[in-house]
Amino acid sequence: MRQHLYNEVKAIIPLDKLEEQDQHAILAWIDSGADLCRVEKPATPPKHLVAYFVLVDGDYLLLVNHKKAQLWLPTGGHVEPAEHPYRPVLREADEELGIVAKFLIDVPLMLTSTKTVGLTAGHIDISLWYVLY
């Protein structure tokens with residue numbers, strides 16, 4: 001899974017300098033052998049992989065009230081050990097929205113490295129972003 005993830009992250013074309021810097025740092029993190037997935041709630045290890053998806057309907061996109069972050073965000077979820085990052089997209093689309101995920105493209109469109117805020121603030125989410133329709 002690690003090599004496949006590395007290849008997918010490397011294939012993302014950064015949209016700006018920040019994403020380019022994040023991409024290099026994320027590739028080094030993946031290559032380091034560090035644990036990539038959360039193994040204990042809320043934040044062990046303190047940097048871990050999540051997958052978000054933007055659900056697009058014409059000119060609209062869906063945001064949900066994320067209770068822990070206390071922000072309006074796209075839907076997403078944590079990547080489990082040995083799980084491909086698109087799996088939480090499938091799971092969360094079903095669990096949180098009651099829909100079957102239909103990917104606009106099969107690979108992540110972008111990535112971010114973000115220090116979390118809200119009730120579980122302070123850890124780093126390495127996020128792969130998918131687009132659904």
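Which residues lie nearest the centre of the largest pocket? Y52, H66, L73, H78 and D125 do. The legends below describe a predicted model.

**View 1. The largest pocket and its lining.** The space in this pocket amounts to about 710 Å³. Its lining consists of 30 residues. Several elements each supply two or more of them: strand 1 (47-57), strand 3 (64-66), strand 4 (71-73), strand 5 (75-78), helix 3 (86-97), strand 6 (110-115) and strand 7 (124-132). Strand 5 gives the most, with 4 residues. By residue class, the lining holds 9 nonpolar, 12 polar and 9 charged residues.

**View 2. A salt-bridge network of E83, R91 and E92.** R91 takes part in both contacts shown here. The R91 side chain meets that of E83 at 2.6 Å, N to O. R91 also meets the side chain of E92, at 3.8 Å, N to O. How exposed or buried are these residues? R91 is partly exposed, because its relative accessibility is 24%. E83, at 12%, counts as buried. E92 counts as buried too, at 10%. The cut-off for buried is under 20% relative accessible area. In total, the model has 3 salt bridges.

**View 3. A salt bridge between K17 and E20.** The two side chains meet at 3.8 Å, N to O. Both residues belong to helix 2 (residues 17-31). They are 3 residues apart, so about one helical turn separates them. K17 is exposed, with a relative accessible area of 59%. E20 is partly exposed, at 30% relative accessibility.

**View 4. A nonpolar patch on the surface.** L104, I105, V107, L109 and Y133 make this patch. The patch covers about 480 Å². L104 sits in the loop between helix 3 and strand 6. Its relative accessibility is 55%, so L104 counts as exposed.

**View 5. Cis peptide bonds in the loop between helix 2 and strand 1.** One cis bond joins K41 and P42, with omega about 0°. Another joins T44 and P45, and omega is again about 0°. P42 is located in the loop between helix 2 and strand 1. P45 is found in that loop as well. Why are such bonds worth a close-up? Most peptide bonds are trans.

**View 6. Positive phi at Q70 and A82.** Most residues other than glycine have a negative phi. Q70 is not a glycine, yet its phi is positive, about 60°. The loop between strand 3 and strand 4 holds Q70. At 52% relative accessibility, Q70 is exposed. A82 is likewise a residue other than glycine with a positive phi, near 65°. A82 lies in the loop between strand 5 and helix 3. Its relative accessibility is 74%, so A82 counts as exposed.

**View 7. K47 and T120.** K47 lies in strand 1. With a relative accessible area of 31%, K47 is partly exposed. How far apart are the C-alpha atoms of K47 and T120? Their separation is 13 Å. Along the chain, the two are 73 residues apart.

Conventions: Residues numbered from 1 in each chain as written. Predicted model: local features only at pLDDT ≥ 70, side-chain atom pairs only at ≥ 80, totals over all residues. Heavy atoms only, no water. 1 Å grid on protein atoms, 1.4 Å probe; cavity = no way out; pocket = protein on both sides within 12 Å on 5 of 7 lines; lining within 4 Å. Points joined across faces, edges and corners; volume = space filled by probe spheres on them. Nonpolar A, V, L, I, M, F, W, Y, C, P; charged D, E, K, R; others polar. Patch = residues over 30% accessible without salt bridge, like charges linked within 9 Å, V, L, I, M, F, W, Y side chains within 5 Å. Areas by Shrake-Rupley, 256 points an atom, 1.4 Å probe, with all protein chains shown as cover. Salt bridge = Lys/Arg side-chain N within 4 Å of Asp/Glu carboxyl O. Buried < 20%, exposed > 50% of the residue type's maximum accessible area, 1.4 Å probe, protein only.
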